[in-house]
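Welcome, and thanks for taking a look at this one. Here is a friendly walk through the fold, with the metal site and a handful of individual residues along the way.

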Amino acid sequence: MGQTARTTKLLLDLSAREQGGANAGKRSHLEATAKILDVARQFYLDFFLAHPEKLMERVEVLSKTTGEVSERLISADKLLTWAEFHTVATTEHPDPLPQWNFSQAFPDFPNRYRRSVIKDVIGKARGYLTTLWKWQHSGKKQGKPGIPTASNHPTLYAGTYTLDLDEVDLRKSFVRLKVYTGSTWAWVQYPTRYNRYFEQRRAEAGWEQESPQLVLGKRSAAIHFVQSKTIKARKIVESKRDPDLVTVAVDLNVKQLAVITVRQHGTIIQTRFVSDRGLDQHRYRHLRRVAKKQWQSGKPVKGERSNRQLWAHVRRHNLDTAHKTARAIVEVCEQYPGCVLLFERLRTIKPKGGSKSRRLNRKQANQLKGKINQLAKEKAYVKGVVSVEVNPHGTSQYCSRCGAKGMRFSLVAGQRVTGRGGKLFCCPVCHYECHADFNASCNVHHSFFREFHWQPRKKPSG
Ligand SMILES: [Zn+2]
């Protein structure tokens, strides 16, 4: 059992008014809202840090299942109630603490926003106190943890805040948000770049809706809809005991982005090659231009960016290919329910030698590999497929049939040329010849089951 989450972004349309976008006033409301929430967050951060003993209070909890009483850290919900009791004026309790009167400092502040701010701050303040306590007891002089700030917390980008789902009302291509106009709080409609793919993801069965977040960029604004799902999957040790287990192995490369082999009962039952469709060559041409421009303009100035559009293009292209390749891997996995996905542990090889553009291209290729690996794992897990990283030792050097050390070669104009960069593989012992990447992919299965002598075996214990 595990949890997985995903985000679907809904962009707010901030293009010019004539083109159907939100007007400038509405745009400034978003910034004003983000700002006032930051201030409110700061208020509660100060409040909680002024009451550390309450924040770390331990309370006795009665377990519903066993009936035992245990001591635990006070829950966030209880803290929320406690904080509201002391800071917010209500009819039953009209006088909050005079120096912490939130109702006075922030009149008409919406309750839901206040609660989301408090919850947010509880996590931050607790994290800070814990690290501070650890630091004080470690005896170190350096590395004193800094007080968290309301706006630059690492997991929350400036201007991020959460909304409760019922505060967002989807109507065709508009979204209604409660925003701060600078003086009051009001409901404002924002046009969105709504599309059917978005709705498809939102409505997909099995996913639970979490609170969405409003994320403001320099020129863009989007609502991130977070969904979570509980995944049921076997543990790897259990799977390994299953004699009918299907393993799907992936070998990631540069030209053949992924070579996917499926094995059951010791035989390969399916193979799929995913080519890069000329991406490597295409990217190389762009990077050659980048390298040339960098050479022409001399030493780069710190903080100055160059070739922005070109780099953005390369990045977009890479990410798109990574998604597509990961998708192809998961499509194969989906045919075999209960299978295990195998990857080689990625080696980090620093590209060296060759021209500058070649080095740049190698670097991009390495990043692409990492991205495919990451995305495929995530996409597979959503389908209940667990992935394993195996030891990459020797997968490309040894024969996948007999385990002997083999050679790489290429065919150039009908002639065999042996060399390290060869596309093909041949075994001098059993004379097996095949595509080198296919051989490596088959070896990933061997590596998972530790079948050959070149595999590091577990030492018998005891
Ligand atoms: Zn062999």
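Helices (H or I, at least four residues) and strands (E, at least two) are DSSP runs, and they are numbered from the N terminus. With that in hand, V254 can be placed in the loop between strand 11 (247-252) and strand 12 (256-264). Please keep in mind throughout that this is a predicted model.

**The chain as a whole**

The secondary structure of the protein chain comes to 11 helices and 19 strands. Its C-alpha trace spans about 90 × 65 × 55 Å along the principal axes. The radius of gyration of the protein chain is 28 Å, whereas a compact globule of 462 residues would have one near 23 Å. As for burial, 40% of the 462 residues count as buried. The protein chain exposes about 27,400 Å², and carbon and sulfur atoms supply 51% of that area. Looking at contacts between residues at least 6 apart in sequence, 64% join residues at least 24 apart.

**The zinc site**

Which residues hold the zinc ion as protein donors? They are C399, C402, C427 and C430, each through its SG atom, at 2.2 to 2.4 Å from the ion. Along the chain these donors follow the spacing C-x2-C-x24-C-x2-C. Two of them, C399 and C427, link distant parts of the chain, 28 residues apart. C399 sits in the loop between strand 15 (386-390) and strand 16 (407-412), while C427 belongs to the loop between strand 18 (424-426) and strand 19 (433-435). Both C399 and C427 are buried.

Why does the site of the zinc ion count as tetrahedral? The angles among its 4 donor atoms run from 106 to 114 degrees, and four donors count as tetrahedral if all angles lie between 85 and 135 degrees, so the site meets that rule. For reference, the ideal angle for four tetrahedral donors is 109.5 degrees.

The loop between strand 18 and strand 19 also contains H431. H431 has a positive phi of about 60 degrees although it is not a glycine. With a relative accessible area of 63%, H431 is exposed. R450 likewise is not a glycine and has a positive phi, of about 55 degrees. R450 is placed in the segment after helix 11 (436-449).

**Two nonpolar cores**

The largest nonpolar core has 32 residues, and Y44, F48 and F109 touch the most other members. Helix 1 (24-50), helix 3 (76-87) and helix 5 (111-138) are the elements that give two or more residues to this core. Helix 5 gives the most, with 10 residues. Leaving aside neighbours within four places in sequence, F48 is in contact with L55, L79, W82, A83, I118, V121, I122 and A125. A second, separate core has 27 residues, including A258, V262, L341 and A380.

**Individual residues**

The table lists relative accessible areas for several residues, together with the class each one falls into.

| Residue | Relative accessible area | Class |
|---|---|---|
| T4 | 14% | buried |
| L14 | 16% | buried |
| A24 | 56% | exposed |
| V254 | 24% | partly exposed |
| R450 | 35% | partly exposed |

T4 is found in strand 1 (residues 2-11). Not counting neighbours within four places in sequence, T4 is in contact with W207, Q227, S228, K229, I231, Y381 and V382. T4 counts as buried because its relative accessible area of 14% is under 20%.

L14 lies in the loop between strand 1 and helix 1, and A24 is in helix 1. From C-alpha to C-alpha, A24 and L14 are 8.5 Å apart in space, with their positions 10 residues apart in sequence. The C-alpha atoms of L14 and Q200 are separated by 23 Å, and these residues are 186 apart along the chain.

Back to V254: which residues does it touch, not counting those up to four places away in sequence? They are D276, D280, R362 and A365. The C-alpha atoms of V254 and W82 are separated by 57 Å, with the two residues 172 apart along the chain. W82 is also one of the contacts of F48.

Note on methods: Residues are numbered from 1 along each chain as its sequence is written. This is a predicted model: local features need pLDDT of at least 70, side-chain atom pairs count only at pLDDT 80 or more; totals for chains, interfaces and linings use all residues. Side-chain values use heavy atoms; hydrogens and water are left out. Donors are N, O and S atoms within 2.8 Å of the metal (3.2 Å for Na, K and Ca); water is not among the atoms, so sites may look incomplete. Four donors count as tetrahedral if all angles lie between 85 and 135 degrees; four count as square planar and six as octahedral if opposite donors are over 155 degrees apart and all others between 65 and 115; anything else is irregular. Buried means under 20% relative accessible area, exposed over 50%, partly exposed in between (1.4 Å probe, protein chains only). A nonpolar core is a set of buried Ala, Val, Leu, Ile, Met, Phe, Trp, Tyr and Cys residues joined through side-chain atoms within 4.5 Å. Contact means heavy atoms within 4.5 Å. The radius of gyration is taken over C-alpha atoms; the globule rule is 2.2 Å times the number of residues to the power 0.38. Accessible areas come from the Shrake-Rupley method with a 1.4 Å probe; for residues, only the protein chains shown count as cover.
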